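Subject: Structure for your files, with notes

Hello,

Here is the structure I said I would pass on. My notes on it follow below.

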Amino acid sequence: MEMKKLGWNEEVAQLAIPYISNGLMIGRIASEYKNKYRIYTERGEFTGQISGKQRYLARSSEDFPVVGDWVAISHHNHNEAVIHGILPRKSKFSRKTAGKVTSEQIIAANIDIVFLVNALNQDFNLRRMERYLTLVWESGANPIIILSKADICTDLQEKLSQVESVAFGVPELVISAMMNTGLDQVKKHIPEDKTIALLGSSGAGKSTLVNALLGKEVQRVNEVREKDDKGKHTTTTRDLFLLPGGGIIIDTPGMRELQLWQADQGLSQTFEDVMYYAGQCRFRDCSHRNEPDCAVRNALNNGELDRKRYENYVKMQKELAYLSRKENKSELLSEKERIKKLHRTMRQSGKSKP
C-alpha cells in the first residue's frame, strides 16, 4: 500500500522517526476485534496485538490503539505483528464510556473531518445534533453535516433552516444515497490525503453512504422501524476504508447515547450565540437566573435566543460539571489505592530482608 493513501504526511513522518530508528515499521489501525487489530502498512495488511510491555504500562483506555491511530510494529512472519507504540494523536473523538464507570472511550483518532449524518425522517433531532457538534469541535476535527434520505423528506427547506440555526457556518450537504443524488458534493469535501469519520445514530444512513462512496457493498444495511424511523445497530465495529478517488473514511456504529467527555471548548464553539449574549451580561459570573441586566434572559424573553437550545446548553454544561466532579473523585481514589499498594510493597520488601 502507498503510505500517502493511508494519510501519511511530513508531520506523521517526523513523529515516526524515533520508532523507525529502532527498527520498527509504521502502520495504521484499520479495525479492532477483541484486542486484535487489522493494520495497514506499506508492506500490506497485518493482524496485530499490543506488546506485553505496552499493556503493562497502559494506565487507561487512551493508551490502547484505536481505529485511525498510527502505530509502530514489528513482524515475525507474513501477517502477524506486535504493536510497540502509538504515535502522538493530532485529534481524537471521545465520549464517556457507557454505564456508571467514569472513563474515556476514544471512538477514532487522527481525524481531519467528521461527517455528521442525520436522516431527514422522524429521527431528525436538533438537540442530538448540538451534542454531536460539541464533541466534534472538541476533537480537533472540522464538522460537515450530511442530511441523508432526502427522497423521503417533505419539508426540506424547513429542516435546512432548523439546521442552520444550530450549526453556524458548518457546511450542510443534502443527499439521497438510494437515489444517487448529492454524492458528487460529498466527494468534493473529501481531500485526497485526509481522514473522514462518519458519525450519527443507527439508521441515519452511514453504511449506505460508505457503500455508495466505495462503489461496492462492504457494509451491511438494515431497514429502519416504520413507527419511528429508528435503525438497528447494523455496524458493530469501527472500520477504516480507502476510497477509490483518494481519501480515507472511517465508519462507526450508531450512537444514540452520546455522553460528553471534556467538551468545554466544544460547548463554547457549538453555542456561540449563547456565549455572545453571556458576554453582554452585567456580571461576568452571571448565572442567567435572577441577576439584573442579564442579556441571556433578555434574549430568551424577546425570542432572539431559542429556549430549547439554551436549555440543552445548560443541560450539557451541568453534565460536564458532574462528570468533572466524578473524574476528580475517581482520580483521588486511584491515587490513594496506588499509594497503599506502594506501602504494602515496601513493607513486604522490608520483612524479606535478612
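For the residue classes used in these notes, Ala, Val, Leu, Ile, Met, Phe, Trp, Tyr, Cys and Pro count as nonpolar, Asp, Glu, Lys and Arg as charged, and the others, Gly among them, as polar. By that division, the lining of the second largest cavity has five nonpolar residues, two polar ones and no charged ones. Please keep in mind that this is a predicted model.

The cavities

Two cavities of 30 Å³ or more are present in the structure. The largest holds about 50 Å³ of space, and the second largest has a volume of about 30 Å³.

The lining of the second largest cavity consists of Leu 116, Val 117, Asn 118, Met 129, Tyr 132, Leu 199 and Gly 200. Strand S8 and helix H3 each supply at least two of these residues, and S8 gives the largest share, with three.

Around the largest cavity are Val 117, Asn 118, Ala 119, Asn 121, Asp 123, Phe 124, Asn 125, Arg 128, Ser 201 and Ala 204. By class they divide into four nonpolar, four polar and two charged. Here too the largest share comes from S8, with three residues.

One of the residues in that lining is Asp 123, which sits in the loop between S8 and H3. Is Asp 123 buried or exposed? Its relative accessible area is 10%, and buried means under 20%, so Asp 123 counts as buried. Its side chain makes a polar contact with the side chain of Arg 128, at 3.2 Å; Arg 128 also belongs to the lining of the largest cavity.

Strand S8 and its neighbours

S8 covers residues 113-119, and seven of its seven residues are buried. Ile 113, Phe 115, Val 117 and Ala 119 point one way from the strand, while Val 114, Leu 116 and Asn 118 point the other way.

S8 pairs with strand S9 (residues 142-148) in the parallel sense, over seven bridges. Within that pairing, Phe 115 has Ile 144 of S9 as its bridge partner. Between the two strands the chain passes through helix H3 (residues 126-139), and this β-α-β crossover is right-handed.

S8 also runs parallel to strand S11 (residues 195-199), to which four bridges join it. Leu 116 stands opposite Leu 199 in S11, and both of these residues line the second largest cavity.

Strand S1

Strand S1 takes up residues 25-33, and seven of its nine residues are buried. It pairs in the antiparallel sense with strand S4 (residues 70-75) over four bridges, and with strand S2 (residues 36-41), also antiparallel, over five. Arg 28 takes part in both pairings: it stands opposite Trp 70 in S4 and opposite Tyr 40 in S2. The hairpin of S1 and S2 has two residues between the strands, and in it Lys 34 takes a positive phi near 50 degrees.

Other residues with positive phi

Most residues other than glycine have a negative phi. Two further places to look at are Lys 149 and Asn 180, where phi is near 60 degrees in Lys 149 and near 60 degrees in Asn 180. Lys 149 lies in the loop between S9 and helix H4 (156-164). At 21% relative accessibility, Lys 149 counts as partly exposed. Asn 180 belongs to the loop between strand S10 (172-174) and helix H5 (183-188). With a relative accessible area of 58%, Asn 180 is exposed.

Thr 252

Thr 252 is in the loop between strand S13 (248-251) and helix H7 (264-270). It is buried, at a relative accessible area of 1%. What does the side chain of Thr 252 reach? It reaches the backbone oxygen of Leu 198, at 2.7 Å. The C-alpha atoms of Thr 252 and Ser 201 are separated by 9.6 Å, although the two residues are 51 apart along the chain. Ser 201 is among the residues that line the largest cavity.

Regards

Terms used:
Residues are numbered from 1 along each chain as its sequence is written. This is a predicted model: local features need pLDDT of at least 70, side-chain atom pairs count only at pLDDT 80 or more; totals for chains, interfaces and linings use all residues. Side-chain values use heavy atoms; hydrogens and water are left out. Buried means under 20% relative accessible area, exposed over 50%, partly exposed in between (1.4 Å probe, protein chains only). Two strands pair if DSSP finds at least two bridges between them. A crossover is right-handed if, with the strands pointing away from the viewer, the path from the first strand over the helix to the second runs clockwise. On a 1 Å grid over the protein atoms alone, a cavity is a set of points where a 1.4 Å probe fits but cannot get out, and a pocket is an open set with protein on both sides within 12 Å along at least five of seven lines; lining residues have an atom within 4 Å of a point. Grid points are joined across faces, edges and corners, and a volume is the space filled by probe spheres set on the points. A polar contact is a pair of N or O atoms within 3.5 Å; within protein, one must be able to donate a hydrogen and the other to accept it, and residues adjacent in sequence count only if both atoms are side-chain atoms.
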